[in-house]
Amino acid sequence: MDRDDEQLLRRRVYGTDHDHPGPLPHRDYAELVGGPLDGLLLDITGWTADEIQTGVALMTELGQFGAGGRALYDPRPGDPSHWDWGGDSP
């Protein structure tokens with residue numbers, strides 16, 4: 001396992017159980033960049049190209065709209081392993 005793999009395995013994955021927060025081997029992840037979920041990993045294993053291109057609205061209590069709000073993330077052009085924050089939504 002190289003240094004990049006070791007760093008990835010120490011990261012927390014969005015939506016996982018706090019008792020088992022890290023990424024799993026043989027899964028595909030995108031890093032969330034900016035906004036309330038900055039630094040978390042999003043498990044995109046099995047997502048189609050269209051689903052990835054569409055981006056996501058992830059539930060979070062940490063955004064501008066508090067409980068029930070969503071943080072909007074889209075894949076970075078040319079670098080689908082990083083998804084950039086585009087704002088918050090109620």
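## Close-up views of a predicted model

The largest pocket of this predicted model has a volume of about 160 Å³.

**View 1. Residues around the largest pocket.** The lining brings together several stretches of the chain. Arg12, Val13, Tyr14, Gly15 and Thr16 are among the lining residues. Leu37 and Leu40 also line the pocket. Met59, Thr60, Glu61 and Leu62 complete the lining. By class, six lining residues are nonpolar, three are polar and two are charged. Rolling a probe the size of a water molecule over the atoms shows where empty space is left.

**View 2. The chain as a whole has two helices and five strands.** Along the sequence the pattern reads α-β-β-α-β-β-β. Helix H1 covers 3-9. Helix H2 covers residues 49-54. The chain has 90 residues, and 24% of them count as buried.

**View 3. The five strands form one open sheet.** In what order do the strands stand in the sheet? The order is E2-E1-E5-E4-E3. The pairing is mixed. Strand E2 (41-43) and strand E3 (56-59) are the edge strands, and each pairs on one side only. On average, neighbouring strands are turned by 35° against each other, direction ignored. Strands of a sheet pair through backbone hydrogen bonds, either parallel or antiparallel.

**View 4. Strand E1 pairs with both E2 and E5.** E1 spans residues 29-33. Towards E2 the pairing is antiparallel, with three bridges. Here Tyr29 stands opposite Asp43, and Ala30 stands opposite Leu42. Towards strand E5 (residues 79-89) the pairing is parallel, again over three bridges. Val33 of this pairing has Asp84 in E5 as its bridge partner.

**View 5. E4 and E5 form a hairpin.** The two strands are antiparallel and share seven bridges. Leu72 has Gly87 in E5 as its bridge partner. Two residues lie between the strands. Gly78 sits in the turn and has a positive phi of about 80°.

**View 6. Edge strand E3 pairs with E4.** Four bridges join E3 and E4 in the antiparallel sense. One bridge partner pair is Val56 with Tyr73 in E4. Which side chains of E3 are buried? Val56 and Leu58 are, and they point to one face. Ala57 and Met59 point to the other face and are not buried. Met59 also appears in the lining of the largest pocket.

**View 7. The largest nonpolar core has 12 residues.** Its members include Ala30, Leu32, Leu37, Leu40, Leu42 and Ile44. Ile52, Val56, Leu58, Ala71, Tyr73 and Trp83 belong to the core too. Which elements give two or more residues to this core? They are E1, E3 and strand E4 (70-76). Several contacts from the earlier views return here. Ala30 and Leu42, both in the core, stand opposite each other across E1 and E2. Val56 and Tyr73, also core members, are bridge partners between E3 and E4. Leu37 and Leu40 belong to the core and also line the largest pocket.

**View 8. His26 has a positive phi in a loop.** His26 lies between helix H1 and E1. Its phi is about 65°, although His26 is not a glycine. Most residues other than glycine have a negative phi, and most peptide bonds are trans. Is His26 buried or exposed? His26 counts as exposed because its relative accessible area is 81%, over the 50% cut-off.

**View 9. Pro21 lies in the loop between H1 and E1.** Pro21 is partly exposed, with a relative accessible area of 30%. That value falls between the 20% limit for buried and the 50% limit for exposed, so Pro21 is placed in the middle class. Pro21 and Leu41 are 20 residues apart in sequence. In space they are 10.0 Å apart, C-alpha to C-alpha.

**View 10. Thr54 belongs to helix H2.** Thr54 counts as exposed because its relative accessibility is 59%, over the 50% cut-off. Which distance separates Thr54 and Pro75 in space? They are 8.2 Å apart, C-alpha to C-alpha. Along the sequence, 21 residues separate this pair.

How values were computed: Residues are numbered from 1 along each chain as its sequence is written. This is a predicted model: local features need pLDDT of at least 70, side-chain atom pairs count only at pLDDT 80 or more; totals for chains, interfaces and linings use all residues. Side-chain values use heavy atoms; hydrogens and water are left out. Two strands pair if DSSP finds at least two bridges between them. Axes are lines fitted to C-alpha atoms, for helices over the stretch in contact, and angles run from 0 to 180 degrees between N-to-C directions. On a 1 Å grid over the protein atoms alone, a cavity is a set of points where a 1.4 Å probe fits but cannot get out, and a pocket is an open set with protein on both sides within 12 Å along at least five of seven lines; lining residues have an atom within 4 Å of a point. Grid points are joined across faces, edges and corners, and a volume is the space filled by probe spheres set on the points. Ala, Val, Leu, Ile, Met, Phe, Trp, Tyr, Cys and Pro count as nonpolar, Asp, Glu, Lys and Arg as charged, and the others, Gly among them, as polar. A nonpolar core is a set of buried Ala, Val, Leu, Ile, Met, Phe, Trp, Tyr and Cys residues joined through side-chain atoms within 4.5 Å. Buried means under 20% relative accessible area, exposed over 50%, partly exposed in between (1.4 Å probe, protein chains only).
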